[in-house]
Every structure is written in C-alpha cells, then in structure tokens.
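Thanks for agreeing to look at this one with me. Here are my notes, written for someone opening the model for the first time.

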Amino acid sequence: MSEAQQENGDSLLAQSDEAFEVFHIAGDFTKLQEAIKLLIDYNEKYPPTEDDSIGILAFKLARCGQALYERSGAILDIERAVSNAEAAVARVPSTLSDVDRGSLLGERCCILSKCLVSQGLSRDCKKPESLEKSLEPLDKALKELEMLGQTDTDGYFRLLWQKASCKQRLWDRTTRDVKDLESCLTLSFKVLDLSRKYADNNERAQIFGELAARLLRAYTYERGTDQRLAEGTIPNKIYANGLCEQAITYLSVAEGLPVERELTKLDNIISVTDDLHKIPEADQRPLLGKLRGILQSNVKRLQDVMQTALKGDVRAHAEKYFGLPRDAAAAATEVGEDAFTALKILDDGRHITSTTGLGSQIRALGKEEGGKLEELTLKLDRLIEEEAPYEERQKAVKSLASEGPVVAINVGNVRSDAYIVTTSGIHSVWLPKLKNLGLFSLSWKVQWRLAQDTFDDWDYLQKKLNVKIKDLYLYVWRNVTKPILDNLGFQLREDNITNWPRICWISRGTLSLYPIGLSGFGFGQRGNAFNRVISTYAP
C-alpha cells in the first residue's frame, strides 16, 4: 500500500470513529450507519493484510455491529459482531509495551464480552451459553494485566466495569446464584473508585446509575430471603445509610453531573423504576415518592431529547421511555401533589408519544373529533406561556367537564390512579389493585388468540378467546371502572337513557386497546359500566 493510500485509509477510519462517537453521545442512528459504511469502504478500497490492521478493523466492525444489533435485533448482526470481536482479540500485537498492550487487550476483550452478552440474551440465539462465556475473555485479560502489574490502568478499569455488568446479567437472567450478585456489587464499588481517575462524566453518571439499580437488587434479595450478603460485599457505611437511601443518593449524584449524553440519565432512572415493583411491596410506593424530583426532571429532559432526535430515533426513544411520564405522575400523587400537577405531567408524556408516527395519527384524530386532552393541551400551553395564575389554569381544565366528567387513567406497576376533572374541581382516585403487568398479562392472552391465522380447532379457540375477553373486562371493572364510578356517585340506572350521565375516558398503553365502557360482568348482568353511564373516549 502506497503512502497516499495509507493516508486515505487512515482518514476513512478516523471519519468512522468520529461518526460512531456522535452516535454514542447523541444516539443519532444515521451516524452509526455512516460509521459502518465508512468501514466497509475502507475494507473494499484498502483491504488490510497485516494482523495489526486486521485487528483494528475487526474491533471497529465489532463495536458498530453490537450497536447495530441493539437497534435491529437481527441475530445475524450480533453473530457477525462476535466473529469480528474474536478476530480483534486474537490480533493484539505482542510487540507493544505492557501498558499499551494491556489497554488494547482490555478494550477488545470488553467488546467481545458485550457481543457475547447480547448474543446470549437474544431470543433467536442458538448459543444460550454465550452469556456464561462472556466472562471468559474478561478473566483472561484481567489475569494477564495482573501478571503485568497493570491493575491501576484504564484497561483494567474497563474490564472490571464490563465484568460487573456480566455478573448482573447472570443474576438477572439465570439461576440466581447469590455469588453472582455479590461479585457484581464488589466489582461495582471497585469500578466506582477507579472511575474517579479513568472515567469522564458521561461514564461516571452511568456507573452511579448502575450501582443504584444494583443496590436495590441487593435490598430485594436481603428482604426476600432474610439473609445478608457476604461480609465485605457492601461497605458498612452504606448499610448504615440504608440501601434504598444510598441508591437514591447515587441517582442524585448522577443527575448533578454535567454530561454530553443526556440519554445516560434517562437510562439511569428507568433502570430503577422498571424494577421497582420487584422490591418488597411495603417499600415500593415510598421509594417512588422519593424519586419524584428525579422523575420530573427526566420528563423534561426526554422532551428536549425528542425535539432534537431524528424520526427513527424518536420512535425508539418513545418506546423505551414510554413509562417515564407515567411514573412521574404517580410519584407526584404519592407525595401529595395535587391532581392538576399530575395531569399536566401526563399531558407532557402524551406530547412525547405523539411525536411518533402512530402518536401523530392519534393526535390528528383527537383534533378532528375535538379530543378532550388536545383541547386541554392547547389551553394549558397558552395559559402557561402567558404565565396565568394557577387558579386560572385549573378553571380552564374544569371547563372541559361541562358535558360530564373527564377521567384520565394512569396505569403503573407501583401505583395507579384516576385523575377526574369535573366542573367543581380536579381530584384523584387511587386504584390500588390495578397493575400494568396484570393488565398486560390478561391482554396478551386475548391478543395472542386474536393473532392466530392457523389453528386446528377454531371453535375451541373462539370459546377460549371469549373467556379471556370476559376475564379482562371483569378485571377492568373491578379495579378501574367501578371504583371511579362509585367515587362519582354514578350507580345503576333504569330510567330513560337521555337522562344518564356522560363520562369521557382517557387512557394510554394497554388499557387504551379496550373500551372501558364495556367493562363489567357482561350482558344480562347488573354490574356493568353501560348500566351506569354513557361512555365516550378521547386520545
């Protein structure tokens, strides 16, 4: 290869690195595609022939391939990434200094481990043992660095960080061997200590968030088994503060760090809230309330991210962070904030989902049909821009109930509430037995049967479908509709239907798939929504 060709090839690799860095910080998927295209161009125009050059290209392809798999979910993408990562590890030059070799080995073994983790967690994976094997390259590299005396280096730090992540995956996904959890936490505190020297703010924020989520796992284990983890796993001073309190402290520290990659902070909070229902039930709601400030700041952060994200990224973000406004509204209600505040948080969340393709269609439909929440949004936005008094904002919302109460239902796994707008005020009704996971489970049983296009016994399938639909509507009646109607004083009606009260239902997520007005025991029974009110709906 001539000197000019070498320079051109190096330029392509540098451009690929720059594009990947932008993707990593901003989450811009087009930059990942650009990085991959540049690597392919390099391989076609200037195919490497020396082991060193092959290793460099293989590492970059593995890094991009693993990130591509996270978006595509295509098993072929991660299989290629694993192959490239293995090639990169096999081609670490032996002629480098101990420090440079250790750093390069650590970097390449980390990406191989990440690829194996992704492969092991894939639904289509034909090699489930990949999750366990993800530790092998890390242990090999750690041992080599320890032999070289390179335990206080960036490479050693990153290997420990990835090993802690692997141990967490093993604890979450496999046989629940407590040694995996103990090892994960021990490594995490070492990583936190080394991060002061080797991590930037983006990485430190991520490390604090990961440790917060892991402390909650430890708390759940100890409360569930009534056993302490092995001595030395968690520092005594953290036990003294309380594991849950320390988890919140770590999240707060991460929130306060100035970062370029705002998605890191969003990932931190959902890593905690998505698993909040797994801790002892008595602690779930109090902990949710303590997260109120962090949740609300991240709802605003998500709005900012969505405004600058590309269309394809917007949809991915909306799917990943869909539950964030839901949990923020629930946390606000938990700590005693008024229903108007929680309703506004839900409205902010609706704006976030309305930026996706489906959400835009729903929003347009709401405008065409005079959607209640769309009307509320326009009024609130105008009043907020004008800095109108709080009482005036409430008055604007209450005017929406001129034809009957408007009920917005927030379904969560820790706390669920209905926010009811009437002409006399706005209040909330706690729905203690309504859980998102329970509703989703019932809905899946219905949707699975509806999706069957080939089945041996259609009569049997139809009978089972009817049973599952009845189960779902009975669940909604008992845990959603009846408590709300009872609160409003809407009881069984047997007079002329023209005199019946009207109610407008607003729901999101799984509940929005089913008309709440059909909930109850079924036709011919007295316990039904359609025996009490006339139901209408708004997006």
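1. Let's start with a single residue: is Ile269 buried or exposed? Keep in mind while looking that this is a predicted model. Ile269 turns out to be buried, with a relative accessible area of 1%. You'll find Ile269 in helix 13, which covers residues 263-273. Leaving aside residues up to four places away in sequence, Ile269 touches Leu251, Leu291, Ile294, Leu295, Asn298 and Leu324. Take Ile294 from that list: 25 residues along the chain separate Ile269 and Ile294, while their C-alpha atoms are 7.6 Å apart.

2. Now zoom out to the whole chain. The chain has 23 helices and five strands. Its C-alpha trace spans about 90 × 60 × 55 Å along the principal axes. Of the 539 residues, 51% are buried. Look also at the contacts between residues at least 6 apart in sequence: 66% of them join residues at least 24 apart.

3. Which residues of helix 14 are buried? Helix 14 runs from 281 to 290, and its buried residues are Asp283, Gln284, Leu287, Leu288 and Gly289. The cover over these residues includes helix 10 (201-225), helix 12 (243-256), helix 15 (292-308) and helix 17 (323-334).

4. Asp226 deserves a quick check on the backbone. Its phi is positive, about 60 degrees, although Asp226 is not a glycine. Asp226 sits in the loop between helix 10 and helix 11, the latter being residues 236-241. With a relative accessibility of 72%, Asp226 counts as exposed.

5. For a helix pair, try helix 5 (residues 98-121) against helix 7 (residues 136-147). The two pack at an angle of about 165 degrees, and their axes are 8 Å apart. Angles over 145 degrees count as roughly antiparallel, and helix 5 and helix 7 are therefore roughly antiparallel to each other. The crossing of helix 5 past helix 7 is left-handed.

6. What does helix 5 bring to its meeting with helix 7? On the helix 5 side there are Arg101, Gly102, Leu105, Cys109, Cys110, Leu112, Ser113 and Leu116. Helix 7 answers with Pro137, Leu138, Ala141, Glu144 and Leu145. Sorted by class, this contact has nine nonpolar, two polar and two charged residues.

7. On to the sheet. Five strands make up an open sheet in the order 3-2-1-4-5, with mixed pairing. Strand 3 (425-430) and strand 5 are at the edges and have a single partner strand each, so one side of each is left without a neighbour in the sheet. From one strand to the next, the twist averages 25 degrees.

8. Strand 4 (residues 502-507) is a good place to follow the pairing in detail. Strand 1 (residues 406-410) pairs with strand 4 in the parallel sense, over four bridges. Within this pairing, Val406 is opposite Cys504, and Val407 has Trp505 as its bridge partner. Strand 4 also pairs with strand 5 (residues 534-537), in the parallel sense and over four bridges. There, Arg502 stands opposite Ile534.

9. Why can strand 4 be called largely enclosed by the rest of the structure? Five of its six residues are buried, so strand 4 is largely enclosed by the rest of the structure.

10. Last stop: Leu431, in the loop between strand 3 and helix 22 (436-450). Leu431 is buried, with a relative accessible area of 1%. Not counting residues up to four places away in sequence, Leu431 touches Ile409, Ser416, Asp417, Ala418, Asn479, Val480, Pro483 and Ile484. Thr454 makes a useful distance check: Leu431 and Thr454 are 23 residues apart along the chain, and their C-alpha atoms are separated by 39 Å.

Terms used. Residues are numbered from 1 along each chain as its sequence is written. This is a predicted model: local features need pLDDT of at least 70, side-chain atom pairs count only at pLDDT 80 or more; totals for chains, interfaces and linings use all residues. Side-chain values use heavy atoms; hydrogens and water are left out. Axes are lines fitted to C-alpha atoms, for helices over the stretch in contact, and angles run from 0 to 180 degrees between N-to-C directions. Angles under 35 degrees count as roughly parallel, over 145 as roughly antiparallel, 65 to 115 as roughly perpendicular and the rest as oblique. A crossing is left-handed if the near helix is turned anticlockwise from the far one by less than a right angle, and right-handed if clockwise. Contact means heavy atoms within 4.5 Å. Ala, Val, Leu, Ile, Met, Phe, Trp, Tyr, Cys and Pro count as nonpolar, Asp, Glu, Lys and Arg as charged, and the others, Gly among them, as polar. Buried means under 20% relative accessible area, exposed over 50%, partly exposed in between (1.4 Å probe, protein chains only). Two strands pair if DSSP finds at least two bridges between them.
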